[in-house]
Structure formats: structure tokens, C-alpha cells
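Visitor: Please show the model, and then let us discuss how the chain is arranged.

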Amino acid sequence: MSSSTSPLPSMTTKTAPGPAPNGMGNGLFATTDIKVGEDVVYAKVPFVAVLDTPRLDDTCAACFGKRQIEAGTELKACTGCRVVKYCDRTCQSKDWKFAHSLECSVFQKLKPQVLPNNGRALLRMVLRTRKGKYTAQELGIFNNLETHIQDIQEIQAHLDRINLTSKAVKDYSETDMSQEAIMAYAARLDLNSFNLTTAMYDRIGLYLHPYAALINHSCDYNATVGFDGEELYIKAVRPIKKDEQIFISYIDTTTPNEVRRKELSERYFFDCQCTKCAMGTETPEDKFSETPNDMSILETAEKQALELMQEASRSDGKPEDEIKKLESAMRILKQTSNWPLTRQPYASLRDQLIISLLSVNNFSKAFLHAAIRYLRIDPVLFSPAHPIRQLHGWILAKLAIYLSQEGFESSSKEATLIQQSELNFHYVLWYILADLASRQLESCTVPSFKRLVGANFAQVHNEFKANGMDPSTSKAIVSAEWKKLERLVQVALDKE
Ligand SMILES: [Zn+2]
Ligand SMILES: [Zn+2]
Ligand SMILES: [Zn+2]
């Protein structure tokens, strides 16, 4: 008998549901030993998946950008509603059959308004249920998912939101499903949906699969979630033994204990009992390199940094302002008791800063921050197979390609620093790509990402060969270049 089974159509898994300890309801348990990078759950078709409203304009509503990466085609709007866009007829007719034929007229009626992502997801689920498009098994698992309606009743804002969306969907869909039943759908969606992301881990929408939704949370998770188009891949980020429970993270687990537990209880209504939370503030997420006599110094600095971070995300459209705010937030932390690089919100500030720097084409500065992240931060925050490690390596490689081809903008401090290091970008690039390529099998990234890395590595490697060189046989040169990068990172950190 195969160890991969299929409790629902178009999915495979190496798990089975079962009762979970610590009042966690049901959970999924490994039915076999699972190696790092192997699929724990794979689902070809979602129960529901929709784009975030800003993405409706630039992302195909059928393949979620997967075919766009390959074909680079210009999107065409549905001629009926003009709300959703597709790569071509293939994508359009696929989505038409799946659900759009049921919702297109509703979208037309609503114009010029567009329902928010959760409203569109709810509408889809209600309409597909009415049309009998779900199997009894699928609906069975879905209807058994938690609603936490009791908890929701106590939070007025939350209740109002769910009420409003459900009422709108009931009116527009003209369904005979009761308002109460639609509210339960909305609550289940809220509680059990995943962030739909691209193969490059950018968030683009909402996704729900009832079987995958059975997986419980742990801040010390053993599996990660990824998407390739509409296909879901949940992969083992650590070796998992037969009968072990599968855990993913519902939230950013790099934050301190108090932040994690607050988010889990407010958004998911549970008190986290995981092994990491059980250690309280004795984990790297809470540690400081030196504790000052007056703890309020740390609290004040954290508060100031978080305020600046929020202001930065609100400074709409002005990346220069955003960069200034993020940099001063980082300076505040750095000057406070030598705030560790990996201690939040420091690491997140740097992530945002890199994105802002890329948006203004400040590639030298972005390269330095991306190198600091890759060498000093990620190895502490994420296990080697974690897709974030691979993604950040890929961004660093892209920056090395850019700087090796385009050179440096003149006169910036960062450009001078990089030039003084006499770094050979070609070798550094080869090394990063070789490293990423060698980890493909045991990495939790999705197939499109792996293909991109593989193709780029082959290209860079062949360019070396065309010039009569083979870095894989000149280890001494490559490792000397890597040491230069490590020194450069140290110099850059000293100057921060
Ligand atoms: Zn498409
Ligand atoms: Zn339409
Ligand atoms: Zn926890």
C-alpha cells in the first residue's frame, strides 16, 4: 500500500486526522516517516481561493500568476464583469467552469463596487455549494471546522464585520441558505484560511482547503505552507516521525512570546501550548545580548521603533520617507543595549527596508542589507530547509547579478564600501546559486521556484565554462570571495 493517500479528490497526503492533545480538537498525524522537503499535504484544487482586491488588476484570477511567470502575457479582463483578469482563454474557461460563471453576474450588479477578498471568497463558497460543486466529503470536513462563533459574539467589531459580509453575500447570491449558515461559512473562512502567496512568497490573496485547515499551529512548527499557482504544498521543514502531529505556523513566529500569544488568542481564540511558548522568555526570540538595569529602556525603544515602522507603512507612495523612518527605527534599536539583529522588530524592519530600497533602485544599499540578512539573521531565525532562507538567498543572488552587470551608482557610501571590498560578484553569485541549487531536494520551496533557481544556476555555470573556468573545481577562489563577503557584512554592520 502506498504511504500517500487521498481523503479528498485531487489531493495526496502522508497524514491522517486524529484527536490532538491540549484541547486542540482534531489535528493531522504522520502516517509514515517524512523526510525534510517532502510533501506532507499536496492539494491540486482549492476549496476556495481569491485574490486580494489590489491584485485583481495585475494577477490572473485562474492561475494566480503561475502561467504569467512562464508566458509573460498581458492580462485580459472578463468581458462580462471586467473585475477579474486572465492570461488567456485557457485560464478564463478554467475559472469560468470552476466558479466564475456563477458569480460574474453578481459582480456586474455590484459595479462600480468590488466585494472585498473575504466577501468574494464567501460568495464563491455559497454559490458552489448551491450548485452542488463540492463533494459530500469536502463539505463534511469543511462543516466540521471550528467557527468559534461563541468567541466572535463577544467581540463587537468582529461580529459586525462577519454579519455585514454574510448579509451582503446572502442578498447578492439570492441563495436560500440561511443567514446563520452563511455566517458560519464566513467564520470558518476567517479562522481557517491561509495567505495565498506566489511561488516567490508574496501574498496575493486568501486560500482555504478544509483538509489542510485541520493542521494545528505551533510556534515550533515542523511543516511550512507554499503555493505554486493554485496548488498547495505543505512540506516537512524538519524530519517528521510516523504518528507525530503536523504543525504549521499561523503567525510570524519570530516575534517574542507575548506578541505571539496575543496574536494567537485574538485572531484564533486559543492559548498556545507549544514547546516554544512553554519556555516563556527563555528563547532567542525574547533574548537581549545585555539586559540593562532599567528594563523600561528596552520597552521605550521598542515602542518608538514600532511606531516608526507603522508610520513608514502608512507613508503612502513616498519610498524616500519610508526609508528614512525605517532607518531611524533601526538606529533607535541598535543604540539600545545592542539590540540583537535577530530580535524583532529589528529583523522585520530590515526586511521592509530592503523592499523599499529595491523600489527606488538603491541596489548597493539593498545588497548590503540582503547580505547581512542572509549571513547573520536567517540562519538564526529559520531552519535550513525553510523557504524564506531560499527566497532571501535568491534576492541576494539577483542583486549580485544586477551589480555585476550594471555596476554601481557613483558616490554612495554603500557603493564605495562594496568597491573597497574588491568582491568578485561573479563568484559570489555562483556560490549563492550553487548553494541554493544543491539544497533543492530538501528545501520547502515550490516547483516553479526550484525551476527558476535551477535555470539561473545552469546559466551562470555555463557562462563560467564558456570562459574556460569551472568554479566547482576552484574551491579556494570561491571561498576566498565568500570570506570577503563576510568581512564586508561585518564592516557594514559596524557602520550601521
Ligand atoms: Zn493565468
Ligand atoms: Zn466576469
Ligand atoms: Zn506557541
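**Domains and overall fold**

Guide: Between domain 1 and domain 3, 15 residues of the former are in contact with 17 residues of the latter, contact being heavy atoms within 4.5 Å. This is a predicted model, in which local features need pLDDT of at least 70, side-chain atom pairs count only at pLDDT 80 or more, and totals for chains, interfaces and linings use all residues. Residues are numbered from 1 along each chain as its sequence is written, chains are lettered from A and ligands numbered from 1 in the order written, and side-chain values use heavy atoms, without hydrogens and water.

Visitor: How far apart do the C-alpha centres of domain 1 and domain 3 lie?

Guide: The bounds come from an automatic or database domain assignment. Domain 1 covers 11-45 + 209-278, and domain 3 covers 296-495. Their C-alpha centres are separated by 29 Å.

Visitor: Which radius of gyration does the protein chain have?

Guide: The radius is taken over C-alpha atoms, and the globule rule is 2.2 Å times the number of residues to the power 0.38. For 496 residues, a compact globule would have a value near 23 Å; the protein chain agrees with this, because its radius of gyration is 24 Å.

Visitor: What percentage of the residues in the protein chain is buried?

Guide: Buried means under 20% relative accessible area, exposed over 50% and partly exposed in between, with a 1.4 Å probe and protein chains only. Of the 496 residues in the protein chain, the buried share is 53%.
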